[in-house]
Amino acid sequence: MLLLTALLMVLPQAWACPPQKADYVVVSCFPNMIIANVPECPYGWEIEQLSLGGICYTGVISAGYYRFTVPDLTPRNHSYCGTQSEYMDGKDPKYVFYNYIISNDTSLTVRNQPVNYSFSCTYRAAYLVNNAVFSQRVATVYVNNGSVGSFKTQLSMNVFTNSKFLYAKDAPYVIDTSEIGSEVFIGIEAKGLSSRFKVVINNCWATPSPYSTDKKRWSLIINSCSSDQTVTIFENAKDTRSMFKFNSFRFQRLEKVSTVWLHCEVNICDGEKLFCQPAPCTTRSVQKHVDSSGGVLTMEFQLSGSVIVEIYTVSGVQFSSFLRPVCTLGGSLLTSVNLLFISAESLMAVAA
C-alpha cells in the first residue's frame, strides 16, 4: 500500500492546461512600461505558478500568452517586482532594466520542467530622466531564443505624406491652423520583424497633454475599430505595419501655438500561433469597454498660426468651425459641415 501511494505521487497527473514547448519570450520595451509575453501554459505551468522577479504573481492571460508587465520605469521606482536597473555612463548614457519570469511549484512533487525567462530593456538616460515625456514614438521589441530565433526590432509610429505610406515626415510635426481638417496619415511599423509577427493597433486617442492617461481625450480608434467616419483604418494586424488616417484637429484653445498628443496602444501578435485579425467592427464594438493589452506610443503635433474661431453649440457641447467630422453625440448624428474642435471642458462629457 505504501509503495502504491509513492507511485501515485510521481505519476503524471491530468494537465490543468495543455502543456506546450515555450522556448521563447517576446519582450516589448515601450516608453513607459515593459511587457513580457510567454506562450500560454509553458511546459504545463499555469499562470498562478509563474512570478515576475520571483516576487509578484501578477501575470494575466492575454490572447494565447501569459503577460507580465513592469508599469513604472522612472528612476524613482526601478525595483518594481524585483526589477533591477543599471546606469551605464559614457557619451551616450543608458539605463538597463533587468527582470525574469520564473516557475514556482509549492506542491510536494514537481511534474513540469522548470522555466526561467530572463529579459532586459535598454533606454537612453536623458530620455528616462525626463520621465519619458519626449521621444515616446519608438519602442524596441525583442524575441529571445527558442525555435523562432533571437532578433531585435524597432517599433515606431510616424506621420506619412499620403495614403501610399512611402515617405515619412520628419519630426516635429507642425500643422498650420489654416490646414486644420486636412488628412493625417499614420503608420506604425516594426522594421526587421519576422513575418510571422503582426503589428496590431488596439486603441488610439488624442489628448491636450503628453500624458496618455489624461481624462480629456478624443478617441480615434477603439478596440481596433474607427471611432467615426473621420477615421479610416487601411490595414491592421495583417503585416509588420499597420496604417490609418484621421482629420487633423485641435482642442479648443486661444493660444497662437497649440499642441495635440496622439497616443496609440499597440501589441505584437504571433500569426503562426494566434489569429491576429480583430473581430469585425460594429457599433457595439466601438461603444463597449476599451480592451487594453499593449503598450502605448505617443507623438506630438504642433499647431501654429492665429485663427478666428466660430463657435457652435450642439446639445451643450462646443465646436469650432474647422473640421468636417460625422460623429454621434448623445444619440444624434452630426453631419454639419466644418465641425470639431471640442472644448476641453466638454471632452470629459463626450468621453464618458
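**Exercise 1.** Asp-92 has a relative accessible area of 34%; assign Asp-92 to a burial class, then find its salt-bridge partner.

*Solution.* The class follows from the cut-offs: buried is under 20% relative accessible area, exposed is over 50%, and partly exposed is in between, with a 1.4 Å probe and protein chains only. Asp-92 is therefore partly exposed. The model is predicted, so local features need pLDDT of at least 70 and side-chain atom pairs count only at pLDDT 80 or more, whereas totals for chains, interfaces and linings use all residues. Residues are numbered from 1 along each chain as its sequence is written, and side-chain values use heavy atoms, with hydrogens and water left out.

A salt bridge requires a side-chain nitrogen of Lys or Arg within 4 Å of a carboxyl oxygen of Asp or Glu. Asp-92 meets this with Lys-94, where the closest N and O atoms are 3.2 Å apart. Lys-94, at 27% relative accessibility, is also partly exposed. The rule gives four salt bridges.

**Exercise 2.** Work out which residues are linked with Arg-196 in a network of salt bridges, and where they lie.

*Solution.* Step one: Arg-196 and Asp-270 form a salt bridge with an N to O distance of 2.7 Å. Asp-270 belongs to strand S18 (residues 258-270) and Arg-196 to the loop between strand S12 (183-191) and strand S13 (197-207), so this pair ties together parts 74 residues apart in sequence. Helices (H or I, at least four residues) and strands (E, at least two) are DSSP runs, numbered from the N terminus. Asp-270 is buried at 0% relative accessibility, and Arg-196 is buried at 17%.

Step two: Arg-196 also bridges to Glu-272, with the closest N and O atoms 3.4 Å apart. Glu-272 sits in the loop between S18 and helix H3 (283-287), so this second pair ties together parts 76 residues apart in sequence. Glu-272 is exposed, at 60% relative accessibility.

Step three: Arg-196, Asp-270 and Glu-272 are thus linked in a network of salt bridges.

**Exercise 3.** Give the strand order of the nine-stranded open sheet and identify its edge strands.

*Solution.* Strands pair if DSSP finds at least two bridges between them. The order is S4-S5-S2-S1-S9-S10-S12-S17-S16, with antiparallel pairing. The edges are S4 (60-62) and S16 (231-235), each of which pairs on one side only. From one strand to the next the twist averages 20°, where axes are lines fitted to C-alpha atoms (for helices over the stretch in contact) and angles run from 0 to 180 degrees between N-to-C directions.

Within the sheet, S10 (residues 151-160) and S12 run antiparallel and are joined by seven bridges. Ser-156 has Glu-189 in S12 as its bridge partner.

**Exercise 4.** Count the aromatic pairs and classify the pair of Phe-97 and Tyr-123.

*Solution.* Rings of Phe, Tyr and Trp (its six-membered ring) pair if their centres lie within 6.5 Å; planes under 30 degrees apart are stacked, over 60 edge-to-face, and the rest tilted. The count is 11 aromatic pairs. Phe-97 and Tyr-123 are edge-to-face, at 6.0 Å centre to centre and 80° between the planes. Phe-97 lies in strand S7 (residues 94-103) and Tyr-123 in strand S8 (residues 116-124), so the pair ties together parts 26 residues apart in sequence. Both Phe-97 and Tyr-123 are buried.
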